[in-house]
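I opened this entry to look up how the chain packs. Notes follow in the order I took them.

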Amino acid sequence: MGVAEPQTVADCLELAKKHKQEGQLLEATALYERAVQIDPDSKAAHRAIANHYFSQKNYDLAAQHYQTLTTLEANAPFSPIRLGQIAKNQNRFPDAIAAFTRAIELDPQAPQPPPLLGAIYFTQKDFSAAKSKYEKAVSLETKAAWVHAQLGQIAKRQDQPQIAIAHFKDAIALNPKNANFHINCADIYAKQKQLDLAIRSYQQAITLSPDSFRAHQALGEAQFNQKDFPAAKASYKKAIELGTQAPWVHFKLGRIAEQTKDYDVALAHFENAIA
């Protein structure tokens with residue numbers, strides 16, 4: 001005898017969850033669909049199948065069920081947020097902005113929409129609008145390091161180095177193992193001629209990401225500007241090992257070889273730089 005099909009929404013969802021956990025996605029999908037068939041007005045069924053399709057990146061089917069949920073739970077921001085995420089993932093930015101804005105109208109304290117809106121505006125190079133949304137996210141105590149990092153990037157673009165550093169430090173405090181945050185902070189230190197601080201930050205980035213071409217190259221640049229040519233040479237050589245094309249690094253290695261009057265080596269590096 002075959003196993004009887006579950007007859008309630010709750011039983012379908014429970015069994016579907018089990019199948020999904022076991023990697024049996026087709027069986028899980030069939031059960032989610034059955035739950036919707038049993039009760040087409042079930043919020044739980046539509047939410048479960050929408051989330052299932054969303055997790056599988058089947059955005060069109062997910063959107064259908066999230067759209068149904070906007071009617072079944074008209075005052076909840078959850079479905080507009082998900083519809084906005086789908087539109088954003090599909091580069092339908094006007095639709096995403098409209099959906100996130102609707103979510104904020106339903107719940108002004110919802111933490112998800114502001115940073116997502118900020119990301120769209122940042123992509124569109126509307127940095128003023130992006131800054132406003134990211135700052136709103138921070139005011140809602142969004143503990144997302146990338147939000148602070150984006151605020152740092154905006155401040156950097158607006159030539160506000162101290163504000164940028166403060167934001168990158170906030171990002172590092174939330175996610176100290178992200179090498180890029182340390183590199184971004186170091187870049188500003190280097191531009192401000194605070195080379196000791198820049199070198200320490202680049203070295204921290206390399207500790208976290210030893211194969212970062214950018215970190216080794218930038219560290220070499222800071223050491224070169226400090227006239228610590230042996231250290232710069234070592235950093236540049238490591239960058240060359242990691243980078244397929246590094247003409248600027250070869251140029252700087254040529255300059256270092258000039259300092260030690262090793263002209264044959266300098267010429268070889270200059271030739272590599274213009275190759």
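I looked up the largest nonpolar core first; among its 25 residues, F168, F181 and Y202 touch the most other members. By nonpolar core I mean buried Ala, Val, Leu, Ile, Met, Phe, Trp, Tyr and Cys residues joined through side-chain atoms within 4.5 Å, where buried is under 20% relative accessible area with a 1.4 Å probe, protein chains only. At least two residues of this core come from each of α9 (145-157), α10 (161-174), α11 (179-191), α12 (195-208) and α13 (213-225). The most come from α11, which supplies seven. Apart from this core I found another, of 23 residues, including Y32, I49, F54 and L69.

The model is predicted: local features need pLDDT of at least 70 and side-chain atom pairs pLDDT 80 or more, while totals for chains, interfaces and linings use all residues. Residues are numbered from 1 along each chain as its sequence is written, and side-chain values use heavy atoms, without hydrogens or water.

I then listed the contacts (heavy atoms within 4.5 Å) of Y202. Leaving aside neighbours within four places in sequence, Y202 contacts I183, A186, D187, A190, A215, A218, L219 and A222.

For the whole chain I noted 16 helices and zero strands, as DSSP runs of H or I with at least four residues and of E with at least two, numbered from the N terminus. Of its 275 residues, 44% count as buried.

Last, I checked the extent: the C-alpha trace spans about 85 × 50 × 30 Å along its principal axes.

Technical notes: Buried < 20%, exposed > 50% of the residue type's maximum accessible area, 1.4 Å probe, protein only.
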